[in-house]
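Let us read one model feature by feature. Each turn takes up one kind of feature.

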Amino acid sequence: MDLLGGDVDLNKNQAGLQLSDPALYINRELSWIRFNQHVLDEAKDLSHPLLERIKFLAIFSNNLDEFFMVRVSGLHHQLVEGVLKLPPDGLTTMEQLERINKDLVPLLEEQTRVWFEEIIPELQKNGIVIHNRSTLDGSKRKMLRKFFLRELFPVLTPLALDKSHPFPFISNLALNLAVILKRPGSHDELFARVKIPSNLFPRLIEIPGDSPPKGNSSLLELIFLEDIIADNLDLLFPGMEIVAAYPFRVTRDADIEIEEDEADDLLSAVEQSIGKRWIGAPVRIEISEEMISSIADMMGAKLARFPHMIYRVRGPIGFADLFCMMKLNRPDLKDVPYAPYIPGRLAHGADIFNAIKTRDIILFHPYESFQPVIEFLQTAAHDPDVLAIKMTLYRTGTNSPIVQALLDAREQGKAVSVLVELKARFDEENNIGWARALERAGAHVVFGVMGLKVHAKLCLVVRKEKSGIVRYAHMSTGNYNAVTSKIYTDIGLFTANEEISSDVSHLFNVLTGYSQYKAYHHLLVAPGGIKTGIISHIEQEIIRQAEYGDGKIIFKLNALQDDEIIRTLYRASQEGVKIHLQVRGICCLRPGIEGISDNITVTTIVGRFLEHARIYYFHKGGDPLVLVGSSDLMPRNLKRRIETLFPILDTGIRDEIINTILPVHLHDTIKTRVLRADGSYSRVDRGEGEPFQAQEWLIENRGIWNRNLMKSEVGP
């Protein structure tokens, strides 16, 4: 049975199929749902500490929120606009929406089952009790009533719904109570809405005990904010009978559109558009499983534009709010912290420029520290020989030490040029703030490129030395974000290679000026260059396979969607090239189809860290090419973004990636799942060997590649 779009008879040789046949492609949206199912599976994995399992429940829910706000809203737009073009898998827009609903319902049911049947009992065993209204005794109810009157009552605004009170606007992702009331002596039911102020209070409120907690021995009692409000509605509606109260939430279209060619000021245009995110058209209505049909029908009539928009939920709505539990002071219920490795050549106080000029340096986060990247910029900011710093910023986060270093550089009189991507989805406000701060400091700030997002991760430091001007580059697969560097796996490279540095200089001129430069020595640059380059290298492996029979390709990336690249990989498989793809998320290629993709293996790893590095390996007859960079193989990366892939020229670093980093991930037997031709995933067959977990091995052996490199001969 086919799970993810298209029809494939797996018992039939498919060699006669055209490589563009929809049966050979997995639907993008349904593939993403499979990835998020893997996140949910981690919440069930007993090898994770308890609070980390709750974190995975929250990630699963947060991912779904963004999926509806962006991807499902896009499908709704296609329906409204009558878009007829089908994706490579051939599913119509309505078929995709129906399949999304069908696939998500059992996952949502499993999420609540895990919460009630696994997580709640384990919390209780560990001294953490989450109450609901029915489990509160009189003293706790009285205590919470005082809290309600003191903290909540002043900020709550109940909104009635009747002929003189129209249906209120329900803001995006806001949790609400639908309250059913009666007047004394009347049988007529009235309806009101109460918005839960979860932006002002944590979703889970601690119920004070008789004595303060002591270590892990004292009982910690919590209650959901909406339960406190529901238990005290009589104070909001005095003189009325409270019949029932049901939580609900609306998800809205948050994929803001900016008419760049009509905007005089891109920064102001983005700023104005952000506000529209919270008033977009509804795309999902989540309601309590217990909500009576009359209220549910009324909400559907007011809010639902298309079928399958209403989801009944048993238990808490908006599990993403459970991130707040990670703030609990229970280290025994969290992952054991570790200290990331810092290569000796980049240790604090070392001559970082001399270290980079001596030899390229690789950092593999989070196993190796992001601190050297920060210190690289801090050193550049205060070094009197540094003339200029150029950088791209996509997602930097709040209180960014990276941006602070750039501000310090301006104070020191350095020339600072920064491309701030204002259209980085859900980070626009942060980026607007940083852009204005940098402008005030006198930096040259560019707000992206017309019609494109700048997703490349680049930094260039220009330094005057005795030998002349030397350019130092840092390039990465991940963002310049000190927080996410601790949870995303990414590869960064420091180099003073003249040709690479020249390429980066030319690319900055493209980004900040009108340069049309394309003759890069080594960089592959999208749009255009990455797709052309990847296809060319695949075709070279096909030729190599035909002549010598040793064609081999390994890709480690986040998403594979581009149909032309998939067709080229299919051709390579048909010619006998051995291909291993490790794709964390979306994969639209079907492996293992006889005569089409039986030489392709697809695996995925979901674990403690978010696999985020992009590595493209081509065997090339034993003189391998390794490309690393910011780009996945999706149309958005290849056509609508500025992206870069850069080669690893240092043979020592290249060999460490080939002989350590890639094999470690490809041999994982605990967190790896294997994609089947029908679109399903299964756990890897462990055989008789010892179980092996890549991320845990990399924690235990962090920095091994840099230690090995220090012992080896200096590369080119």
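Q: By class, how many nonpolar, polar and charged residues does the lining of the largest cavity have?
A: This is a predicted model. The lining of the largest cavity has 7 nonpolar, 3 polar and 4 charged residues.

Q: How is empty space found, and how much of it lies in the largest cavity?
A: Rolling a probe the size of a water molecule over the atoms shows where empty space is left. Here, the structure holds 5 cavities of 30 Å³ or more. The largest has about 110 Å³ of space. It is lined by 14 residues, and Ser61, Leu108, Gln111, Glu286 and Phe319 are the closest to its centre.

Q: Which elements give two or more residues to that lining?
A: They are α2 (50-81), α3 (93-125) and β8 (282-288). The largest share, 4 residues, comes from α2.

Q: Now the open space. How much lies in the second largest pocket, and which residues lie nearest its centre?
A: The second largest pocket has about 740 Å³ of space. Its lining counts 32 residues, with Asn132, Asp227, Pro247, Glu290 and Gly315 nearest the centre. Two or more lining residues come from each of α3, β1 (128-131), α5 (225-231), α6 (233-236) and β7. β7 gives the largest share, 6 residues. By class, the lining divides into 17 nonpolar, 6 polar and 9 charged residues.

Q: How do I read a helix pair? At what angle do the axes of α1 and α3 cross?
A: Look at the angle between the axes, then at the contact. Helix α1 (residues 28-43) and α3 have axes that come within 10 Å and cross at roughly 5°. Angles under 35 degrees count as roughly parallel, and α1 and α3 are therefore roughly parallel to each other.

Q: Which residues make the contact of α1 with α3?
A: From α1 come Glu29, Leu30, Ile33, Arg34, Gln37, Leu40 and Ala43. From α3 come Gln96, Arg99, Ile100, Asp103, Leu104, Leu107, Glu110, Gln111, Val114 and Ile119. The residues of this contact divide into 9 nonpolar, 3 polar and 5 charged. Gln111 of α3 is part of this contact, and Gln111 is also among the residues closest to the centre of the largest cavity.

Q: On to sheets. What is the strand order in the sheet of 6 strands?
A: Read the order, then the edges, then the pairing. This open sheet runs β2-β4-β3-β7-β8-β9, with mixed pairing. Its edge strands, each paired on one side only, are β2 (159-161) and β9 (310-313). On average, neighbouring strands are turned by 30° against each other, direction ignored.

Q: Do β2 and β4 run parallel or antiparallel?
A: β2 and strand β4 (residues 189-195) run antiparallel, joined by 3 bridges. Leucine 159 stands opposite arginine 193 in β4.

Q: Which strands does α2 lie across?
A: α2 lies across β7 (241-252), β8 and β9, and runs at about 135° to β8.

Q: What is the order in the sheet of 3 strands, and which are the edge strands?
A: The order is β1-β6-β5, in an open sheet with mixed pairing. β1 and β5 (204-206) are the edge strands, each pairing on one side only. The twist averages 35° from one strand to the next. β1 and strand β6 (residues 220-224) run parallel, joined by 4 bridges. Valine 129 has glutamate 221 in β6 as its bridge partner.

Q: Which helix lies across β1 and β6?
A: That helix is α3, which runs at about 130° to β1.

Note on methods: Residues are numbered from 1 along each chain as its sequence is written. This is a predicted model: local features need pLDDT of at least 70, side-chain atom pairs count only at pLDDT 80 or more; totals for chains, interfaces and linings use all residues. Side-chain values use heavy atoms; hydrogens and water are left out. On a 1 Å grid over the protein atoms alone, a cavity is a set of points where a 1.4 Å probe fits but cannot get out, and a pocket is an open set with protein on both sides within 12 Å along at least five of seven lines; lining residues have an atom within 4 Å of a point. Grid points are joined across faces, edges and corners, and a volume is the space filled by probe spheres set on the points. Ala, Val, Leu, Ile, Met, Phe, Trp, Tyr, Cys and Pro count as nonpolar, Asp, Glu, Lys and Arg as charged, and the others, Gly among them, as polar. Axes are lines fitted to C-alpha atoms, for helices over the stretch in contact, and angles run from 0 to 180 degrees between N-to-C directions. Angles under 35 degrees count as roughly parallel, over 145 as roughly antiparallel, 65 to 115 as roughly perpendicular and the rest as oblique. Contact means heavy atoms within 4.5 Å. Two strands pair if DSSP finds at least two bridges between them.
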